[in-house]
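Reader: I am new to this structure. Please take one annotated stretch, look at it closely, and then go on to the strands, helices and spaces.

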Amino acid sequence: MFSQKTTKSILLLMIVVLLVVTTACGKNTDSVNEKVVTYAQIMDPTTLDVHRATGDQGRNVYINICETLFTYDSDWNLEPKLIERYEQVSDLEWVFYLKEGVKFSNGEPFTSEVVGWNLDRGVDTEYPRQAWDYAPYYDKWEAIDEHTLKIYTKIKAFNFPLQISDIPMLEPKHSEEIGEEAIGTDIVGTGPYILESWEKDQQIVLVANENYWGGKPNVDKYIIKTIPEQSTQIAEFLSGELDIIEGLNFESLEMIKKEEGVKIDSRYETRVIWLGFNTLDWSPNQELQDSRVRQALNYAVNKEAIVNDILGGYGRQLATWYREDFPAYDPNIKGFEYNPEKAKQLLADAGYPNGFSIKLQSNTGSTAKGHEISQAVAADLAAVGVKCEVLTEEFSAMRNILINGQDAKKAEGLYSWSWASKPGMVGNWITGLIQRTGITSYNAIEGYEEIADAIFNSETVEEYEGHLKVFQQMLVDDPPFLYLPQLQKIFAISERLDWSPNEHYYIEAVHMDVIEK
């Protein structure tokens, strides 16, 4: 028989054990019921600062946290998101009526002054910024009331809502408290997810915003892993550690398709790859100052072979990089067919009958096949007498060389790069790639500054479209780039996931659901 004291001790121990077991079971239940999606990128973002970040790696993260004023429907028609409606009240004035009841994840309200603060910060020149489409037009803003904002433009803007549609909204109070540099790792938005943690070069974890104005998202936790090697991504995907991988080589598809529970999808990107001609006055290849040389290099490359043999048919060659969805697209403008004999003749006419030597900086940031494409280009150039040395660069190193790197003078005569934008948005291609102040512009070819100014200062839609058609022809007659294909990105997706990529391919977890555990 136990003593009264012993009995009490045993009862107390049993209660403690029961509490521990109950707590443990509760944790297991939460863990089992939690919907988690894991996706892999080839590299970490350089920053999560929404106005400073460049490239898909940053936007694939922050677009889940910080929302934009507009979004798109399934047919890529612009539709309001953080606004209710808008109107143009004069040639230089637009009024936007904001959605009421929207709050940032820290509880701060979304107001007219918030939008104005973000627009100002996006065009601030004190720090490096993205090439926003609205920048050439934007003048100032005025808060009419808490949810009504008037924006003044410097010049006529025919589709200003489209031009400001892509800028994400940061929470100003928090951002100013932590300072410019800290924003890159600590952003607060109105979006469906909150940044929980970032282990550099390992993973970023986002958790659902329980108080999201649009309703709590289906996926509770979204993990973005950094895995540079495609073979490692595939191994982790097939073992169930990853739910989404992208940018697959077509050679991998046969193996992946054999596995159960896998969906393969592909989409034409709004991203186009190309090789840039460095025509600045310090370029190591002054031969590129002659348009005949730049035309010759375009004629020398067998782009159809690149699409078929290297990309496995997952791509298509455009006349330049001017996409079909851009305004005033002219299908009658012809690009450069494969014609090595014409390339040789143009080189001879330019004074280089025996060719010349050039270096090509290559990277795999836009496609895992980047170096193969560069080697194919080098072989084709060699066939017309141009000795091309391929320098293989890590994508992060390439970004550091090219983005705002004009003063550092580390870009070679040729460099591999790419650009993307939402449908219809050609402005940031011009400001970012063509104008001399562009973040990755190494273009000093005469006439481009003038046509860019004419485009942005057009008085009528007809004038605007006319200048764009002239611009498209200039891209052929006096090419700043060696044009390469528009890519078709290949995805592998777990069948436990209800999700398909869109053509813009930024990956938003709010559109996902887990249908099977």
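Author: UniProt positions are given in the numbering used here; feature names are shortened, and annotations may be inferred rather than shown by experiment. The unreviewed UniProt entry lists residues 78-404 as "domain: Solute-binding protein family". This is a predicted model, with local features needing pLDDT of at least 70, side-chain atom pairs counting only at pLDDT 80 or more, and totals for chains, interfaces and linings using all residues. Residues are numbered from 1 along each chain as its sequence is written, and side-chain values use heavy atoms, with hydrogens and water left out.

Start with the listed stretch. Over residues 78-404 the chain is 27% helix and 25% strand (DSSP runs, numbered from the N terminus: helices are H or I with at least four residues, strands E with at least two). The C-alpha atoms at the ends of 78-404 are 31 Å apart.

Now a sheet. Four strands form an open sheet in the order E4-E5-E7-E6. Their pairing is antiparallel (a pair needs at least two DSSP bridges). Strand E4 (83-90) is one edge and strand E6 (138-145) is the other. Each of these edge strands pairs on one side only. Neighbouring strands of this sheet are turned by 20 degrees against each other on average, direction ignored.

Look along edge strand E6. E6 pairs with strand E7 (residues 148-153) in the antiparallel sense, over six bridges. In this pair, Ala143 stands opposite Leu149 in E7. Helix H3 (residues 112-123) lies across E6 and E7, and across strand E5 (93-98) too. H3 runs at about 170 degrees to E6 (angles run from 0 to 180 degrees between N-to-C directions of axes fitted to C-alpha atoms, for helices over the stretch in contact).

Next comes another antiparallel pair. Strand E8 (residues 193-199) joins strand E9 (residues 203-208) over six bridges. Here Leu195 stands opposite Leu206 in E9. E8 and E9 make a hairpin with three residues between the strands. In that hairpin, Asp201 takes a positive phi near 60 degrees.

Then a helix. His467 sits in helix H15 (residues 461-477). Its neighbours within four places in sequence are left aside here: His467 is then in contact (heavy atoms within 4.5 Å) with Ile451, Ala454, Ile455 and Ser458. Take Ile451: 16 residues separate Ile451 from His467 in sequence, and their C-alpha atoms are 6.9 Å apart in space.

Last, the spaces. The largest pocket is lined by 35 residues (on a 1 Å grid over the protein atoms alone, a pocket is an open set of points for a 1.4 Å probe, with protein on both sides within 12 Å along at least five of seven lines; lining residues have an atom within 4 Å of a point). Nearest the pocket's centre lie Ile42, Met43, Pro228, Thr364 and Phe395. Five elements are named as giving two or more residues to this lining. They are strand E1 (36-41), helix H2 (56-62), helix H6 (230-238), strand E12 (262-277) and helix H12 (395-402). Strand E17 (residues 481-494) belongs to another space: E17 gives four residues to the lining of the second largest cavity, the most of any element.
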